[in-house]
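This report describes a single protein chain for a reader new to structures. Please look through the sequence and the model before reading on.

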Amino acid sequence: MDRTPTHTAAQPLDLTLDAAALTAALVDFPSPSGQEKELADAIETALRALPHLTVDRYGNNVVARTSLGRAERVILAGHIDTVPIAENPPNVPSRLDEDGVLWGCGTCDMKSGVAVQLRIAQTVTEPNRDLTFVFYDNEEVAAHLNGLGHVAEAHPDWLEGDFAVLLEPTDGQVEGGCQGTLRVLLKTKGERAHSARAWMGSNAIHAAAPILAKLAAYEPRKPFVDGLQYHEGLNAVRIEGGVATNVIPDACTVTVNFRYAPDRTPEEAEAFVREYFADCGIEEFVVDDHSPGARPGLTHPAAAAFMAAVGGEARPKYGWTDVSRFSAFGVPAVNYSPGEPLLAHKVDERVKASLIPEAEARLRAWLTS
């Protein structure tokens, strides 16, 4: 396998590269969450060289727009950060193997999608709809750090539009909407004692047993929402407790993640979780993080034209993506890009190089037909 870098971060981005080569160039700008400035600088510089675009920047978030007076405005959005870079095996710089597979951190999630955005920005100068391109930071970390959210708060007019496509990995198939995600901390309490005299105390970890039993018995709901079937999930993702190996613990916390279908409101999702664990002896229920879902954005006329251009059948998005934010803005949105969702965040993250220009061609057909 060839491990020779195709690009170095010191070089400017060349938007005339084909989409696969541009993906490699983007991967060679390491940009784990919180370290996106160098890549944001390069994207801003490349876009400012395109005379048909107006370019704005807020923090490490770059927004470029056409202003052609078209009847509709479409937003193409993608995050420029990645999860932390793996060292063994190293997944930066990028490398293209003999089978035409491009390897590297972010190839799937989601620098191949960002490359498609940049290629459309460079080549589609007279689109049939006005275009807004959004490149934002800190998607892979806590919701309050998300750059798209920061832009929405500071410059909501930059995100006005009729329809949005988020270039999250979907394996070249349209995925509508997204599920909400709620993370709660379920806390139990006890009383410390020496483990040799356990009867003198009360074990908080043992008190968490009813919580785990309820989780093991959970039956996922699988509702149809606007024609797409979602699959909910309720899972413990962490358990913490204990003082020392000879001490009965007086506190335990079970972290639970609820992934819920977009026919539930955030309030309904929280109410369901509270009721589900109501008889488990929980001393404290803490909402640690919550991002609502989004219904499929497939009823808008622009979505119908988009589906006709890219082909295939729409699928539900089981994870959470920023289509939720666009939905909150009143902009229907879908997910679409060449990356394989099951490879996102993996040490051996990769994408089939030929699928990247293919996705670009489909978007171009939609925006120029």
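Are the residues on the two faces of β3 buried or exposed? On one side Arg-73, Ile-75, Ala-77 and His-79 are buried, and on the other side Val-74, Leu-76 and Gly-78 are buried, which leaves both faces of β3 covered. In a regular strand the side chains alternate between the two faces of the sheet. Strand β3 covers residues 73–79, and because seven of its seven residues are buried, it is largely enclosed by the rest of the structure. The model is a predicted one.

## The chain as a whole

The chain has ten helices and 19 strands. For 369 residues, a compact globule would have a radius of gyration near 21 Å, and the value of 23 Å for this chain agrees with that. Along the principal axes, the C-alpha atoms fill a box of roughly 75 × 45 × 40 Å. Of the 369 residues, 51% are buried. The chain exposes about 15700 Å², and 51% of this area is supplied by carbon and sulfur atoms. Among contacts between residues at least 6 apart in sequence, 77% join residues at least 24 apart.

## The sheets

Strand β3 belongs to an open sheet of eight strands, ordered β1-β2-β6-β3-β7-β18-β8-β17, with mixed pairing. The edge strands of this sheet are β1 (54–58) and β17 (315–316), and each of them pairs on one side only.

The neighbours of β3 in this order are β6 and β7. Strand β3 runs parallel to β6 (residues 130–136), with seven bridges between them. In this pairing His-79 stands opposite Tyr-136. Strand β3 is also parallel to β7 (residues 163–166), to which four bridges join it. Here the bridge partner of Leu-76 is Val-165. At the β1 edge, five bridges link β1 to β2 (residues 61–65), and these two strands run antiparallel. Thr-54 in this pairing stands opposite Arg-65.

An open sheet of three strands has the order β4-β5-β19 and antiparallel pairing. Its edges are β4 (95–96) and β19 (350–352); each has a single partner strand, so one side of each is left without a neighbour in the sheet. Two bridges join β4 to β5 (residues 101–103). Leu-96 stands opposite Leu-102 in β5.

## Aromatic rings

A search of the whole structure finds ten aromatic pairs. In one of these, Tyr-276 and Phe-277 have ring centres 5.2 Å apart and planes at 90°, so the pair is edge-to-face. The cut-off behind this name is a plane angle over 60 degrees. Both residues are also part of one aromatic cluster, formed by Tyr-218, Phe-258, Tyr-260, Phe-272, Tyr-276 and Phe-277.

Two rings of the cluster have a charged side chain over them. The charged end of Lys-214 sits over the ring of Tyr-276, 4.3 Å from the ring centre. Arg-264 lies over the face of Phe-272, at 4.7 Å from the centre of that ring.

## Burial of selected residues

The table gives the relative accessible area of five residues. A residue counts as buried under 20% and as exposed over 50%, with partly exposed in between.

| Residue | Relative accessible area | Class |
|---|---|---|
| Phe-277 | 1% | buried |
| Cys-252 | 2% | buried |
| Tyr-276 | 15% | buried |
| Asp-171 | 34% | partly exposed |
| His-345 | 44% | partly exposed |

Cys-252 is found in strand β15 (residues 251–260). Leaving aside residues up to four places away in sequence, Cys-252 touches several others, among them Leu-186, Thr-188, Ala-204, Ile-239 and Gly-241. The C-alpha atom of Cys-252 is separated by 40 Å from that of Phe-135, which is 117 residues away along the chain.

## Backbone details

Where are the two partly exposed residues of the table placed? Asp-171 is in the loop between β7 and β8 (175–176), and His-345 is in the loop between β18 (333–335) and β19. Asp-171 has a positive phi of about 60° although it is not a glycine. His-345, also a residue other than glycine, has a positive phi near 75°.

The peptide bond from Asp-109 to Met-110 is cis, with omega near -5°. Met-110 lies in helix α3 (residues 107–123).

Notes:
Residues numbered from 1 in each chain as written. Predicted model: local features only at pLDDT ≥ 70, side-chain atom pairs only at ≥ 80, totals over all residues. Heavy atoms only, no water. Phe/Tyr/Trp six-rings, centres within 6.5 Å; stacked < 30°, edge-to-face > 60°. Buried < 20%, exposed > 50% of the residue type's maximum accessible area, 1.4 Å probe, protein only. Lys NZ or Arg CZ within 6 Å of the ring centre and 35° of its normal. Rg over C-alpha atoms; globule rule 2.2 N^0.38 Å. Contact = heavy atoms within 4.5 Å. Areas by Shrake-Rupley, 256 points an atom, 1.4 Å probe, with all protein chains shown as cover. Pairing = 2+ DSSP bridges.
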